[in-house]
Amino acid sequence: MCLGIPGQVIRMLDGYAGQLALVDVIGEQRKVNVGMLADETFAPGDWVIIHLGFAVEKTDRAGAEEAMAGLELMGRGGSDPFADGD
């Protein structure tokens, strides 16, 4: 699994050769390109992992929760490695 943000498909957008989906990402609606997953079909409620505006993986709710937990864990971090200690 790559580092990405989970989102839930709201709907597919008309046009764009069927490659654009409106996705809920932590309460924000984003246009996401699903063209890299040409062998997949998408419907409202489906979960995807997004990297740089592209869906890179189709997942389920458990996979989305795992991805979010990983992002939250990274955000907690420890001490600042760039602090000079003064």
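**A walk along the strands**

Begin in this predicted model by selecting residues 5–12, strand β1, together with residues 47–51, strand β4; the two run antiparallel and are joined by four bridges. For one pair to look at, pick Gly7, which stands opposite Val48 in β4.

Keep β1 selected and add residues 20–25. This is strand β2, antiparallel to β1 and joined to it by four bridges. Label Arg11 here and look across to Leu22, its bridge partner in β2.

Now go back to β4 and add residues 54–59, which form strand β5. How many bridges pair β4 with β5? There are five, and the pairing is antiparallel. One place to see the pairing is Ile50, whose bridge partner in β5 is Ala55.

Next, show the backbone where β4 turns into β5. The hairpin has two residues between the strands, and Leu52 takes a positive phi near 55° there.

The last stop is Asn33. Select residues 28–33 to display strand β3, in which Asn33 lies. Show the Asn33 side chain: where does it reach a backbone nitrogen? The nitrogen belongs to Gly35, and the distance is 2.6 Å.

Then display what surrounds Asn33. With its neighbours within four places in sequence left aside, Asn33 is in contact with these residues:

- Gln19 and Leu20
- Gly53, Phe54 and Ala55

Ala55 has come up before on this tour, as the β5 bridge partner of Ile50; here Ala55 also appears among the contacts of Asn33.

Methods
Residues are numbered from 1 along each chain as its sequence is written. This is a predicted model: local features need pLDDT of at least 70, side-chain atom pairs count only at pLDDT 80 or more; totals for chains, interfaces and linings use all residues. Side-chain values use heavy atoms; hydrogens and water are left out. A polar contact is a pair of N or O atoms within 3.5 Å; within protein, one must be able to donate a hydrogen and the other to accept it, and residues adjacent in sequence count only if both atoms are side-chain atoms. Contact means heavy atoms within 4.5 Å. Two strands pair if DSSP finds at least two bridges between them.
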